[in-house]
Each structure stands twice: as C-alpha cells, then as structure tokens.
Amino acid sequence: MSDRAVPFHCPYCGDQDLRPSEQGPGSWECRACLRAFSLKLLGLVRPPASRGVVGR
Ligand SMILES: [Zn+2]
C-alpha cells in the first residue's frame with residue numbers, strides 16, 4: 001500500500017486537472033482554479049461501534 005494519496009478531484013472546485021506541486025510530497029496544484037493544496041494522512045479511524053454495545 002502506497003502512502004501517497006492521489007486526489008482525483010480538486011477539493012475546491014472539483015476539477016480533475018490536477019498535477020503534483022513542487023512544494024513537497026503530497027502537494028498538488030489545480031490548473032483549473034490555480035489553487036495549491038496538500039494532502040496529509042492523519043491516521044486511521046476506528047470503525048464505528050454498533051449501538052448499544054458498551055465496553056469490550
Ligand atoms: Zn480547483
């Protein structure tokens with residue numbers, strides 16, 4: 001599993017014309033709205049526990 005996340009759409013305008021930015025790993029540029037942004041993995045979340053189950 002790669003640790004590089006590849007966005008398929010710009011989170012700001014929704015365009016798909018993205019390219020990697022020179023500003024570092026995980027940085028992307030949108031050529032449609034000319035925004036630069038970065039993606040960062042914060043970690044994994046726990047799957048939601050089913051209701052009514054308390055404790056382990
Ligand atoms: Zn955009």
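Visitor: What share of the 56 residues in the chain is buried?
Guide: Keep in mind that this is a predicted model. To count as buried, a residue needs 20 or more other C-beta atoms within 10 Å of its own. Of the 56 residues in the chain, the buried ones make up 2%.

Visitor: Which elements does the chain have, and in what order do they run from the N terminus?
Guide: Helices are easy to tally here, as there are 0 of them, next to 3 strands. From the N terminus on, then, the elements run β-β-β.

Visitor: What is the order of the strands in the open sheet?
Guide: S1 and S2 pair in the antiparallel sense over 3 bridges. S2, which covers residues 27-30, also pairs with S3 in the antiparallel sense, again over 3 bridges. Going from one strand to the next, the order is S1-S2-S3.

Visitor: Which strands stand at the edges of that sheet?
Guide: Look for strands with a single partner, because one side of each such strand is left without a neighbour in the sheet. Those edge strands are S1 (18-20) and S3 (36-38).

Visitor: What is the average twist from one strand to the next?
Guide: The sheet in question is the open one of 3 strands, with antiparallel pairing. From one strand to the next, its twist averages 35°.

Visitor: Which residue in S3 stands opposite Trp 28?
Guide: Trp 28 can be followed in both directions across the sheet. On the S1 side, Pro 20 stands opposite Trp 28 in S2. On the S3 side, the residue opposite Trp 28 is Phe 37.

Visitor: Which residue in the turn between S1 and S2 has a positive phi?
Guide: S1 and S2 form a hairpin, with 6 residues between the two strands. In that turn a positive phi of about 130° belongs to Gly 24.

Visitor: Why might the phi of Leu 34 catch the eye?
Guide: Most residues other than glycine have a negative phi. Leu 34 is found in the loop between S2 and S3, a hairpin that has 5 residues between its strands. Leu 34 is not a glycine, yet its phi is positive, at about 60°.

Visitor: Is Leu 34 buried or exposed?
Guide: The cut-off for exposed is 12 or fewer other C-beta atoms within 10 Å. Leu 34 has 9 of them, so it is exposed.

Visitor: What about Tyr 12: which residues does it touch, not counting those up to four places away in sequence?
Guide: Tyr 12 is found in the segment before S1, and with 12 C-beta neighbours inside 10 Å it counts as exposed. Its C-alpha atom is separated by 8.0 Å from that of Cys 33, 21 residues apart along the chain. Leaving out those sequence neighbours, the residues that Tyr 12 touches are Cys 30, Cys 33 and Arg 35.

Visitor: And Cys 10, how far is its C-alpha atom from that of Phe 37?
Guide: Cys 10 lies in the segment before S1 as well. With 19 other C-beta atoms within 10 Å, Cys 10 is partly exposed. Beyond its neighbours within four places in sequence, Cys 10 has contacts that include Asp 15, Leu 18 and Ala 32. Cys 10 and Phe 37 are 27 residues apart along the chain, and their C-alpha atoms are separated by 9.0 Å.

Visitor: Which residue stands opposite Ser 38 of S3?
Guide: Ser 38 has its place in strand S3 and counts as exposed, with 12 C-beta neighbours inside 10 Å. Setting aside neighbours within four places in sequence, Ser 38 is in contact with Gly 26 and Ser 27. Of these two, the one standing opposite Ser 38 is Ser 27.

Visitor: How far apart in space are Ser 38 and Ser 21, C-alpha to C-alpha?
Guide: In sequence, Ser 38 and Ser 21 are 17 residues apart. In space, C-alpha to C-alpha, the figure is 8.7 Å.

Visitor: Taking contacts between residues at least 6 apart in sequence, what percentage joins residues at least 24 apart?
Guide: A contact here takes two C-beta atoms within 7 Å. Among contacts in the chain between residues at least 6 apart, those joining residues at least 24 apart come to 12%.

Definitions and conventions: Residues numbered from 1 in each chain as written. Predicted model: local features only at pLDDT ≥ 70, side-chain atom pairs only at ≥ 80, totals over all residues. Pairing = 2+ DSSP bridges. Helix = DSSP H or I, 4+ residues; strand = E, 2+ residues; numbered from the N terminus. Axes fitted to C-alpha atoms, helices over the stretch in contact; angles between N-to-C directions.
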